[in-house]
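Thanks for coming. I will talk through one structure today, so please have a look at it before I start.

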Amino acid sequence: MARHVTATPSICEWRRLGEYLWVGTGPWGPIGTVERGRRYKAVDTTGTLLARCHDLGEAQALLEHLAEAQQVTAEQPRRIRAA
């Protein structure tokens, strides 16, 4: 097995904390963790299991996509409907 596996280039940084644990951070803060067991588990910052993936890159990409979507949503102003 490879000692170091990375996902496709992105603005998020991944650090390996142990043999079975990776932590991701983006410019806006932590995005979640990837835990390796029988599958790679993508876990968000609240501890919610989001998905079980077949490989590390897939789990990292899922968390990065979710974090970027949440950041874009947070930046957009909310529309108020007139009654």
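Let me begin with a single residue, W28, which sits in the loop between β2 and β3. A word of caution before going on: this is a predicted model.

Is W28 buried, partly exposed or exposed? W28 counts as partly exposed, because its relative accessible area is 30%, and the partly exposed class runs from 20% to 50%. What does W28 touch, once its neighbours within four places in sequence are left aside? The contacts are with I11, C12, A67, E68 and Q71. Take C12 from that list: 16 residues separate it from W28 in sequence, and the two C-alpha atoms are 9.5 Å apart in space.

Now the overall layout. The protein has 83 residues, of which 27% count as buried. It contains one helix and five strands, and reading along the sequence gives β-β-β-β-β-α. The exposed surface comes to about 6400 Å², with 51% of it supplied by carbon and sulfur atoms. As for contacts with a separation of 6 or more, 23% of them are between residues 24 or more positions apart.

Next, the sheet. As general background, strands in a sheet pair through backbone hydrogen bonds, and the pairing is either parallel or antiparallel. Here the sheet is open, its five strands come in the order β1-β2-β3-β4-β5, and the pairing is antiparallel. Which strands are at the edges? They are β1, residues 13–18, and β5, residues 49–53, and each of these pairs on one side only. On average, neighbouring strands of this sheet are turned by 25° against each other, if direction is ignored.

I will go through some of the pairs, starting with β1. Its antiparallel pairing with β2, residues 21–26, runs over five bridges. These two strands make a hairpin with two residues between them. G18 has L21 in β2 as its bridge partner.

Moving along, β3 covers residues 29–36 and β4 covers residues 40–43, and they pair antiparallel over four bridges. One of the partnerships to look at is E35 with K41 in β4. The loop between β3 and β4 holds R38. R38 is classed as exposed because its relative accessible area is 86%, and the cut-off for that class is over 50%. How far is the C-alpha atom of R38 from that of R52? The separation is 9.1 Å, with the two residues 14 apart along the chain.

Then β4 and β5, which also pair in the antiparallel sense, over four bridges. Y40 has its bridge partner in β5, and that partner is C53. The hairpin of β4 and β5 has five residues between the strands, and in it G47 takes a positive phi near 90°.

That leaves the helix. Helix α1 spans residues 56–75, and L62 lies in it. L62 is partly exposed, with a relative accessible area of 33%. Which residues join L62 in a nonpolar surface patch? L50 and L66 do, and the patch made by these three leucines is about 200 Å². L62 can take part because its 33% is above the 30% that patch residues must exceed.

To go back to where I started: W28 is in the loop between β2 and β3, and its contacts include I11 and Q71. That is everything I have for today.

How values were computed. Residues are numbered from 1 along each chain as its sequence is written. This is a predicted model: local features need pLDDT of at least 70, side-chain atom pairs count only at pLDDT 80 or more; totals for chains, interfaces and linings use all residues. Side-chain values use heavy atoms; hydrogens and water are left out. Patches are made of residues with over 30% relative accessible area and no salt bridge: like charges are joined within 9 Å, nonpolar side chains (Val, Leu, Ile, Met, Phe, Trp, Tyr) within 5 Å. Accessible areas come from the Shrake-Rupley method with a 1.4 Å probe; for residues, only the protein chains shown count as cover. A salt bridge is a side-chain nitrogen of Lys or Arg within 4 Å of a carboxyl oxygen of Asp or Glu. Buried means under 20% relative accessible area, exposed over 50%, partly exposed in between (1.4 Å probe, protein chains only). Contact means heavy atoms within 4.5 Å. Two strands pair if DSSP finds at least two bridges between them. Axes are lines fitted to C-alpha atoms, for helices over the stretch in contact, and angles run from 0 to 180 degrees between N-to-C directions.
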